[in-house]
Amino acid sequence: MQRGDKLIVVRDARAQPEIAMMIAALVTLGIPLDDDCPYQETREIVNGREQRVSTWVLKSISVCGQFETQKMIDAWNEKTFCHDNPEHPMAYIKQAFVNHSRLTQAMQTQPPIALIRRGKRLALIPFDASSARREELLAQLES
């Protein structure tokens, strides 16, 4: 940090993955983390209970000068920003995280599928298929 540098401090007391995603989006836009102390984790006593607090320190503007950190943080938190500004780089980045989350969730909830080959034919049978459905699919494979 140089004398006169303006910094933006983001604190997260609940360890929300959304905060880490926002920081990643800001860095992707070219907003640098502070050289001296980009991240720190502290343990604090709040109302008599220990609390983990993550603190991120970023420069106030992107390297190219196009993006102001606080404005991009506000855009990230604004529910209508992506809808109202669909071509903005932040909208693309945020949608990528939404898509990643949806894909990951779908992968975790989809039951495995058995792939059974008979010559050049194959059947895909979900592991959670009923016995009747499994027999039906295997019969179609044989015909």
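Below, a visitor asks how labels are assigned in this predicted model, and a guide replies.

Guide: In this predicted model, local features need pLDDT of at least 70 and side-chain atom pairs count only at pLDDT 80 or more, while totals for chains, interfaces and linings use all residues. Residues are numbered from 1 along each chain as its sequence is written, and side-chain values use heavy atoms, with hydrogens and water left out.

Visitor: What makes Ser54 count as buried or exposed?
Guide: Buried means under 20% relative accessible area, exposed over 50%, and partly exposed in between, with a 1.4 Å probe and protein chains only. Ser54 has 6%, so Ser54 is buried. Ser54 is found in strand S3, residues 49-59; strands (E, at least two residues) and helices (H or I, at least four) are DSSP runs, numbered from the N terminus.

Visitor: Which residues is Ser54 in contact with, leaving aside its neighbours within four places in sequence?
Guide: They are Val10, Arg11, Asp12, Tyr39 and Gln40. Contact means heavy atoms within 4.5 Å.

Visitor: Why is the link between the side chains of Ser54 and Tyr39 called a polar contact?
Guide: A polar contact is a pair of N or O atoms within 3.5 Å; within protein, one must be able to donate a hydrogen and the other to accept it, and residues adjacent in sequence count only if both atoms are side-chain atoms. The pair in Ser54 and Tyr39 is at 3.3 Å, which fits that limit.

Visitor: How many aromatic pairs are there?
Guide: Two. Rings of Phe, Tyr and Trp (its six-membered ring) pair if their centres lie within 6.5 Å; planes under 30 degrees apart count as stacked, over 60 as edge-to-face and the rest as tilted.

Visitor: Why is the pair of Tyr39 and Trp56 called tilted?
Guide: The centres are 4.5 Å apart and the planes are at 50°; that angle is neither under 30 degrees nor over 60, so the pair is tilted. Tyr39 is in strand S2 (residues 39-46) and Trp56 in strand S3, 17 residues apart. Tyr39, at 34% relative accessibility, is partly exposed.

Visitor: What makes the pair of Trp76 and Phe97 edge-to-face?
Guide: The planes stand at 75° and the centres are 6.2 Å apart, so the pair is edge-to-face. Trp76 is in helix H2 (residues 69-77) and Phe97 in helix H4 (residues 89-109), 21 residues apart. Trp76 is buried at 8%, whereas Phe97 is partly exposed at 24%.

Visitor: How do you know that Lys94 lies over the face of Trp76?
Guide: A charge sits over a ring if NZ of Lys or CZ of Arg is within 6 Å of the ring centre and within 35 degrees of the ring normal. Lys94 is placed over the face of Trp76, 5.0 Å from the ring centre.

Visitor: How do you know that S2 and S3 pair?
Guide: Two strands pair if DSSP finds at least two bridges between them. S2 and S3 have eight, in the antiparallel sense, with Arg43 opposite Arg52. S3 also pairs with strand S1 (residues 7-12), antiparallel over six bridges.

Visitor: What makes Asn47 exposed?
Guide: Its relative accessibility is 77%, so Asn47 is exposed. Asn47 lies in the loop between S2 and S3, and has a positive phi of about 55° although it is not a glycine.
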